[in-house]
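Visitor: I have some questions about this model. Could we go through them one at a time?

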Amino acid sequence: MQTETIIYIIIAGIAALSLALFQYKYKSKIKGALRYVLFSLRALATFGILLLLINPKFESTTYFNEKPTLVIALDNSESIKYLEQDSVASVVVGKILENQKIKQQFNVDQYSFGKNIEVFDSISFSERQSNISEALKQLQEIYKNKTAPIVFISDGNQTLGLDYSYVSNVFNQPVYPLILGDSTVYSDLRIKQLNVNRYTFLKNRFPVEIILRYTGEEYVNSELKIWRGNSVVFRKQLQFDNIKTSEIVNTTLLANSLGIKTFRVEIVPLGQEKNKINNYKNFAIEVIDQKTNIAIVYDQLHPDLGVLKKAIESNEQRSVSILKPNEYLTHIDKFQLVILYQPNNNFNKILNEIKRQNLNTFIITGSGTDYEFINNTHLKVLWEISSQTEDFQPELNRNFNSFIIDNITFEDYPPLKSEFGGFNFLVPADVILYKTVNGINTGDAMLATYAFDNMKHAVLVGEGIWRWRAQTYIDTESFTDFDNFIGKLIQYLSSNKKRRRLNVDYKSFYNGNDDVIISAQYFNENYEFDAKASLNIQLKNNDTSESREIPLLLDGSNYTVDLSGIDAGEYDFRIFHSAEAISFSGQIRILDYNVEQQFLNADISKLNLLAENTNGKVYYPSESALFIDELLKDNRYSTIQKSTKNIVPLIDLKYLLGFIALCLFAEWFIRKYNGLI
């Protein structure tokens, strides 16, 4: 407690005594013991009131020792087991954890990583992908305000994410890579990368790009082959040496029938190659009979136009043309869907043609929209014209049932600029997004679909959708979620199929390391989402005739099943309701490819760069004792003594108030009882 506060307390005591003496000693008629009782009560009450004003505090300092944290991050991917380093990794981790000096000097935290990072108790080395950059980024976030050197036990081979050698430039913790894997350089031919489109069109030739890599010192010959079934559809002779270590081969193949077509690329391995798995790679392409052509018709330029084109064309089955109204009229027969961007009177002829040909439309309104013009069209929507604008944020309608919406919630998305009010639909409409202001749902539709006379239509109220695509990238470092959402809306508008109570979302084929996730939505007879449905999937392997049944789990507004890790092959599936006669059947194909088995050595150069960028050092498993010794001697990881200072009131406020009230009441009662009031 400060000296100044003590002086104030002394002065308060003197003042309280003086005031009590003045009242009960100076010219007081009260005699005997009663005078001293009342004097004491008044002095104590006054002193208590003055203490409230002074509010004395004292400081309490607690000292404690804080040990640094030693973070063990272990690569749990399949490549560790494939390189026969799983037992080595377990031994290294055991040596670190069992060292008594390590336990005394550090708090030890253990993590494993593959596609994601997690706390581990046991290791299986079964992760099908490894994302080192994401693991480092999350460790950086967890320990950004601590002293926490990281023991990074890995082969350094990354199959997913950003290049971790660049991520490490902003890492503030020392990283000590313990390298798992052989550093010996063997002669090896491999397919480094294969680029091919997901879709092509019947009778078209589709491009295939193959990037080949050679490691070795000798001059070698090989042959590249592309197989379709038992037939070779392409072959090329290749030569490599220590100067020419790579080659890019480009070719085109003919799509002569519809459906999913699988191919196998092979570079004939050398006689003594250690890893021959990376000499082969399967790929598939889906052959479709036509491309969906979509027109975006505009009368004024806006960033939304380019964003819509990019989002729609992210699916190779679709092509977008951005046209003025008169340009669209001259090519109207080419398009299966038209997007009318901020229509006005210049769109009058277009609307007449749309009505005549029963075309589906997607209308986007904004500051340049003539709402009176829209009200006078055949589109069965009426706008309440107010001529006042506002920024409205979206809120997803969880009961929307025309198609599946996943991986995007629109929470915290930027607002769109729109006029007050909303559309009144003259036919039943399904709202996808509602307009909200300050978190309050206005009840008006921001995005909705509706149908009549065998036509489908959608309306988006507001301009600035380009901000949504940018926000998706900020949230996920990818445009995929936004592009998929727009793609599903376009797919719905491009088709005239009736809506179903069971909608299923899946891909025709998956690469071996892809997440194989199938989503479904189930609606009751009123087309309201049913969150209590019992959905199952029956999966049959057409190669082995093996069949199994798996329940779908509720995930937000979808039912999902994760089939990742199933064997390569062709599968028939049926999703059905356990209590109703409603089902959906389809087929998927899993390609035989394991990216974690493509490596022959540890990536020593990147692990060295990781250590250099973070002021760490590289070690091998045989040097684990040296690593532990140098770690213990490093002055950066000494135990630090810290203190916590607490400032607390000398007297609890509620008790002091109670004491003052008690003294004043006792004084009043005694005076009243003795007739002194």
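Visitor: Is Tyr506 buried, partly exposed or exposed?
Guide: This is a predicted model, and the call rests on relative accessibility. Buried needs under 20%, and exposed needs over 50%. Tyr506 has 29%, so it counts as partly exposed.

Visitor: Which geometry does the aromatic pair of Tyr506 and Phe584 have?
Guide: A pair of aromatic rings is described by the distance of the centres and the angle of the planes. For Tyr506 and Phe584, the centres are 6.1 Å apart and the planes meet at 65°. Planes over 60 degrees apart count as edge-to-face. The pair is therefore edge-to-face.

Visitor: How many residues apart in sequence are the parts that this pair ties together?
Guide: Tyr506 lies in the loop between β26 (502-505) and β27. Phe584 belongs to strand β34 (residues 583-590). The pair therefore ties together parts separated in sequence by 78 residues.

Visitor: Is Phe584 buried or exposed?
Guide: The cut-off for buried is under 20% relative accessible area. Phe584 has 14%, so it is buried.
The verdict for Phe584: buried.

Visitor: Which strands stand at the edges of the sheet with the order β27-β34-β33-β29-β30?
Guide: This is an open sheet of five strands with mixed pairing. Each edge strand has a single partner strand, so one side of each lacks a neighbour in the sheet. The edges are β27 (509-510) and β30 (547-551).

Visitor: What is the bridge partner of Ile537 in β30?
Guide: Strand β29 (residues 535-541) pairs with β30 in the antiparallel sense, over five bridges. In β30, the partner of Ile537 is Ile550.

Visitor: Are the rings of Tyr450 and Phe452 stacked or edge-to-face?
Guide: Tyr450 is buried at 1% relative accessible area, and Phe452 is buried at 9%. Their ring centres are 6.1 Å apart, with the planes at 10°. Planes under 30 degrees apart count as stacked, so this pair is stacked.

Visitor: Which lysine lies over the face of Phe452?
Guide: Phe452 is part of one aromatic cluster with Tyr371, Trp383, Phe423, Phe425 and Tyr450. At 5.2 Å from the ring centre of Phe452 lies Lys380.

Visitor: Is helix α12 roughly parallel or oblique to α13?
Guide: Helix α12 (residues 466-476) packs on α13 (residues 480-494) with axes 7 Å apart. Contact residues include Trp468 of α12 and Phe482 of α13. The angle is about 135°. That makes α12, relative to α13, oblique.

Key:
Residues are numbered from 1 along each chain as its sequence is written. This is a predicted model: local features need pLDDT of at least 70, side-chain atom pairs count only at pLDDT 80 or more; totals for chains, interfaces and linings use all residues. Side-chain values use heavy atoms; hydrogens and water are left out. Two strands pair if DSSP finds at least two bridges between them. Helices (H or I, at least four residues) and strands (E, at least two) are DSSP runs, numbered from the N terminus. Rings of Phe, Tyr and Trp (its six-membered ring) pair if their centres lie within 6.5 Å; planes under 30 degrees apart count as stacked, over 60 as edge-to-face and the rest as tilted. Buried means under 20% relative accessible area, exposed over 50%, partly exposed in between (1.4 Å probe, protein chains only). A charge sits over a ring if NZ of Lys or CZ of Arg is within 6 Å of the ring centre and within 35 degrees of the ring normal. Axes are lines fitted to C-alpha atoms, for helices over the stretch in contact, and angles run from 0 to 180 degrees between N-to-C directions. Angles under 35 degrees count as roughly parallel, over 145 as roughly antiparallel, 65 to 115 as roughly perpendicular and the rest as oblique. Contact means heavy atoms within 4.5 Å.
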